[in-house]
Each structure stands twice: as structure tokens, then as C-alpha cells.
Amino acid sequence: MLGAIVIAALLLIGGTVLLGAFGFIAGLGTSLVIIVMAFVYQGLLSLIGGAIAGAIRR
């Protein structure tokens, strides 16, 4: 998660510096997609891990 947040911040800053307002909007959209995808990925892995642990505990 920390890596996704750092990459999102770098995209936002880099896009703004290189392309101005258009770069900010593009960086913001890309950053949001990256962060949401990271949350979904981590959530699915947590769900699978919890299901396996619950099955083993029984």
C-alpha cells in the first residue's frame, strides 16, 4: 500500500510539473486508479487468507 501511495504522489507531482493543469488532472486520475486497485488487490488477498485460516481452524 505504501508503494502505491508513493507512486501516486510521484505521478501527481511529475504530471503537474511537466504538463501543467492537464498533467495534474491526468496524474490525479491515474493515481486514484492505482490506489483503488491496490486496495482491491490487498482486500482480495486478505479475504482468501481469512478463508483459508478459517477452514484450517475448524
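**Two helices in an extended chain**

The secondary structure of the chain comes to two helices and zero strands; helices (H or I, at least four residues) and strands (E, at least two) are DSSP runs, numbered from the N terminus. The structure is a predicted model, in which local features need pLDDT of at least 70 and side-chain atom pairs count only at pLDDT 80 or more, while totals for chains, interfaces and linings use all residues. Residues are numbered from 1 along each chain as its sequence is written, and side-chain values use heavy atoms, with hydrogens and water left out.

The overall dimensions come next. Along its principal axes, the C-alpha trace spans about 55 × 15 × 5 Å. The radius of gyration of the chain is 17 Å, whereas a compact globule of 58 residues would have a value near 10 Å; this radius is taken over C-alpha atoms, and the globule rule is 2.2 Å times the number of residues to the power 0.38. The chain exposes about 4,500 Å², of which carbon and sulfur atoms supply 82%. Accessible areas come from the Shrake-Rupley method with a 1.4 Å probe, and for residues only the protein chains shown count as cover. Of the 58 residues, 12% are buried, where buried means under 20% relative accessible area, exposed over 50%, and partly exposed in between (1.4 Å probe, protein chains only).

Contacts between the helices can be followed from A8, which lies in helix α1. A8 counts as buried because its relative accessibility is 4%. Not counting residues up to four places away in sequence, A8 touches S31 and I35, contact meaning heavy atoms within 4.5 Å. The C-alpha atoms of A8 and G29 are separated by 9.6 Å, with these positions 21 residues apart along the chain.

S31, one of the partners of A8, is placed in helix α2. Its relative accessibility is 6%, so S31 counts as buried. Apart from residues up to four places away in sequence, S31 touches A8, L11 and L12. The side chain of S31 also reaches the backbone oxygen of G27 at 2.6 Å.

L11 belongs to helix α1 and, because its relative accessibility is 33%, counts as partly exposed. Leaving aside neighbours within four places in sequence, L11 is in contact with G27, T30, S31 and I34. L11 and V36 are 25 residues apart in sequence, and their C-alpha atoms are 15 Å apart in space.

G49 offers another view of helix α2, where it is placed. With a relative accessibility of 37%, G49 counts as partly exposed. G49 and T30 are 19 residues apart in sequence and 29 Å apart in space, C-alpha to C-alpha.

The surface also carries a nonpolar patch of about 630 Å², made by I13, V17, L18, L19 and F22. Patches are made of residues with over 30% relative accessible area and no salt bridge, like charges being joined within 9 Å and nonpolar side chains (Val, Leu, Ile, Met, Phe, Trp, Tyr) within 5 Å. A salt bridge is a side-chain nitrogen of Lys or Arg within 4 Å of a carboxyl oxygen of Asp or Glu. Helix α1 (residues 2-19) gives the most to this patch, with four residues. F22 is found in helix α2 (residues 21-57), and it counts as exposed because its relative accessibility is 63%.

Terms used. A polar contact is a pair of N or O atoms within 3.5 Å; within protein, one must be able to donate a hydrogen and the other to accept it, and residues adjacent in sequence count only if both atoms are side-chain atoms.
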